[in-house]
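This briefing covers a predicted model. Its topics are strand pairing, helix packing and the contact between two chains.

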Amino acid sequence: MSEQKKTRILLVDDSVSMREMVGFTLKGAGYAVSQAEDGVEALKFAQGNTVDLVITDINMPNMDGITLIKELRALPAYKFIPILTLTTENSAEKKQMGKIAGATGWIVKPFDPDHLLSTVKRVI
Amino acid sequence: MAIDIDLTQFHEIFYEESLEGLGAMESGLLNLDIGTPDVEVINTVFRAAHSIKGGAGTFGLMDIAQFTHIVETTLDEVRGRKRGVTQELVDLLLESVDALRYMIDCSKAGKAVDQDQIAELADSLGQVERKAPAENIKTPAAVSSGWRVIFKPAPHLLQTGNEPYRLFRELKTLGELMVTADATALPDFDQLDPELCYLSWELLIRGDTSREQISEIFAWVEGDCALEITLQGDRRQFVERRQAEREALPEQAEAREAASIRVNIDKVDGLINLVGELVITQSILNRVTGEITGNKVEDLLAVVEILVRNTRDLQDQAMRIRMLPIDFTFNRLPRLVRDLSRSLGKQVDLVITGNSTEVDKTVLEKISDPLIHLIRNAVDHGIEKPDDRLAAGKPEKGLIEISASQEGGNIIIKIEDDGAGLNQDKILATARERGLVGQEELTPAQINNLIFQPGFSTATEISSVSGRGVGMDVVKRNINDLGGNVELSSVAGKGTRFSIKLPLTLAILDGQLVRVGKETLVIPILNIVESIQPNKIQILEITGETRVYRYRDQYLPVIRLYETFGIPTDIMELQKGLLVVVDTGEQRAALFVDEILGQQQVVIKSLESNYRPVPGLSGATILGDGTVAMIIDITSLTQLYRNTNRKEVA
């Protein structure tokens, strides 16, 4: 991984405030962040660009997170890329569903910035 | 990219949750046994601080985050047994809780924080002597010498985006790591699929780490590998037991949290409003169907019967939504008593019972100040100094008991102390001095009640501890404003008891309907003493129009409601109507009405929010026949009467 390029993260969530807050935190830590508001936009972006990490919500309109992960894994460039889902504390099944679709792991909401950043560091 | 979103809606939630967290920290610290501190309590306090720090950081409240970080670090050192628990440290931590409350209040109000104070406190936290804690914390001593982890990933692991090397990188942060790879499953090169994982590993980690920490690192790959974590070394059983203990605890806290949700109070009030209207509609329906005749009537009446019951149940439930355990107010008291008794050199035990009794939210908020004032008085003036108590043959420690219970439609709160009781002679002397009473004889009960008179508080009573001269008259007024009353009984040398009665809810009233002209008015039953037919002999005339009625041994002003509210009526001579004797708690009056109608529960609708505040009225309601009836506010009515008549006399 070259040092000159910033680590790129693709953030997918239909909630504007979520994207703003997470984006803000990640950028503050020096990452380059691209955003999409649903699976369709995310997939379109992925077909033309590569990133180092994808963080996606699960419940979104047009194309949900689970479907997005399956579609991403089918793209050669995204076969081994870390993909994290954003889930709430108690949804063990959501975590499982993400995994089965091919997700690397999850970030639990609500999270504090430290936790978000340390989780991101785990996969970069 | 600029951040345009409005984070302030999240601020409210942060403030609420942080204040709750600070409450949890405070109780934890108060319950901490200095001699043998419980590590779980320390953990709870630590977690609360950690959450607050996180939230503050998220919202850019850096002052709060930084200060909380120092508190968190201190607690972490205690947890890690690098610092011992001393009285001094607990006091500092309690001060830090106060400081954080202060910082949050400043943040809410947009005020600046006194940085010097905070910096001083932060320094003290850093400087408190770090005693060697080894003996006092209640957990087993130093643990495992190491763990052995066998990690066999499934071949497709790489395709989940997980990388074994990153997992090992994290394990390295837990301690010394030794990794041995097992390549036996690796096929020949020409059969090798570069996208699959054929390797497995044995990892040895040396360090003071727990199984939890290790399995947490493998959390994401759980289903995609075979994982074995075994303890190395001879302290195995010790550690396993401690793990089991720790695992058993968190469930309770989670279960409790899941049983409630946060709801905006406006939504609740909106719902209660609708229920109120439903009650009115249902009572109109009831009335109308009573007038229908015919075959289908029985069926219809039966259904209406059910509707009445459903509505009543719905109403009860809706009222309950606004209710909260009185503990929310009671829980400030232990800290208050502790601080106060320390600073006054007294020893006081506070016993609280019935703190799960539920009260309406508004009642809860407004009863807080009176309660605090009464408790302050009990500690300051009630309980004697330890020496005096011993000399009087009492135990050195004073006792204050506060209890809450539900009786009928009311909440009863009692505050009882075993202190010196009220000094009747002193009270009588002070009252005479201030012109509150003449030279007549008073019963002990009457003397006690003198302390509730405005103007009674003496300079000697207003100590810096009991507050800025707030006075018992304000306490009484606050309680009366809630529709309740307070009584006091005391025995010199033995103690004092205050008994507060409050209505369960504020939105429904037991009312006495009366008629004046064509208008129906409602008088709160709580205020009614008696209704009487005026007797000519008892009517006295003063300055022409104004009349006074002699009732038992008192002279009551007669308030002619038709006059006060400008209602046309034929009945203007007192003997032709009725008098309703009412009591505001402070004084009595006789209300002159045409006729007395039935009694019923009425739903109070606000005049203020639908029209404008009207002196003499506390609200309005819609009766069963659809007419609007005004609800009289006895206290403001008597005030209004006094003001109008003062003008006339002058």
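Ser403(B) stands opposite Lys414(B), a residue of strand 9 of chain B. Strand 9 (residues 410-417) runs antiparallel to strand 8 (residues 398-407) of chain B, and eight bridges join the two. Strands are DSSP runs of E with at least two residues, helices are runs of H or I with at least four, and both are numbered from the N terminus; two strands pair if DSSP finds at least two bridges between them.

**The five-stranded sheet of chain B**
- The sheet is open, has mixed pairing and follows the strand order 6-8-9-11-10.
- Strand 6 (348-353) and strand 10 (485-491) of chain B are the edge strands, each pairing on one side only.
- From one strand to the next, the twist averages 10 degrees (axes are lines fitted to C-alpha atoms, for helices over the stretch in contact, and angles run from 0 to 180 degrees between N-to-C directions).
- Helix 13 (residues 333-344) of chain B packs on the sheet and touches strand 6 and strand 8, its direction making about 170 degrees with that of strand 6; contact means heavy atoms within 4.5 Å.
- Helix 18 (residues 472-481) of chain B also packs on the sheet, touching strand 10 and strand 11 (495-503), and its direction makes about 140 degrees with that of strand 10.

**A hairpin in chain B**
- Strand 16 (residues 547-551) and strand 17 (residues 554-560) of chain B run antiparallel and are joined by four bridges.
- Tyr551(B) has Gln554(B) in strand 17 as its bridge partner.
- Two residues lie between the strands of this hairpin, where Arg552(B) takes a positive phi near 50 degrees.

**The interface of chain A and chain B**
- Chain A contributes 27 residues to the contact and chain B contributes 28 residues.
- About 2,200 Å² is buried between the chains, with carbon and sulfur atoms giving 54%; buried area is the accessible area (1.4 Å probe) that two parts lose on being put together, summed over both.
- Glu20(A), Phe80(A) and Arg122(A) lose the most area on the chain A side, together 31% of what that side buries.
- Three salt bridges cross the interface (a side-chain nitrogen of Lys or Arg within 4 Å of a carboxyl oxygen of Asp or Glu).
- Asp224(B) forms a salt bridge with Lys99(A), with the closest N and O atoms 2.6 Å apart.
- Helix 1 (16-28), strand 5 (105-109) and helix 5 (113-123) of chain A each give two or more residues to the side that touches chain B.

**Basis of the values**
- Residues are numbered from 1 along each chain as its sequence is written, chains are lettered from A and ligands numbered from 1 in the order in which they are written, and side-chain values use heavy atoms, without hydrogens and water.
- In this predicted model, local features need pLDDT of at least 70 and side-chain atom pairs count only at pLDDT 80 or more, whereas totals for chains, interfaces and linings use all residues.
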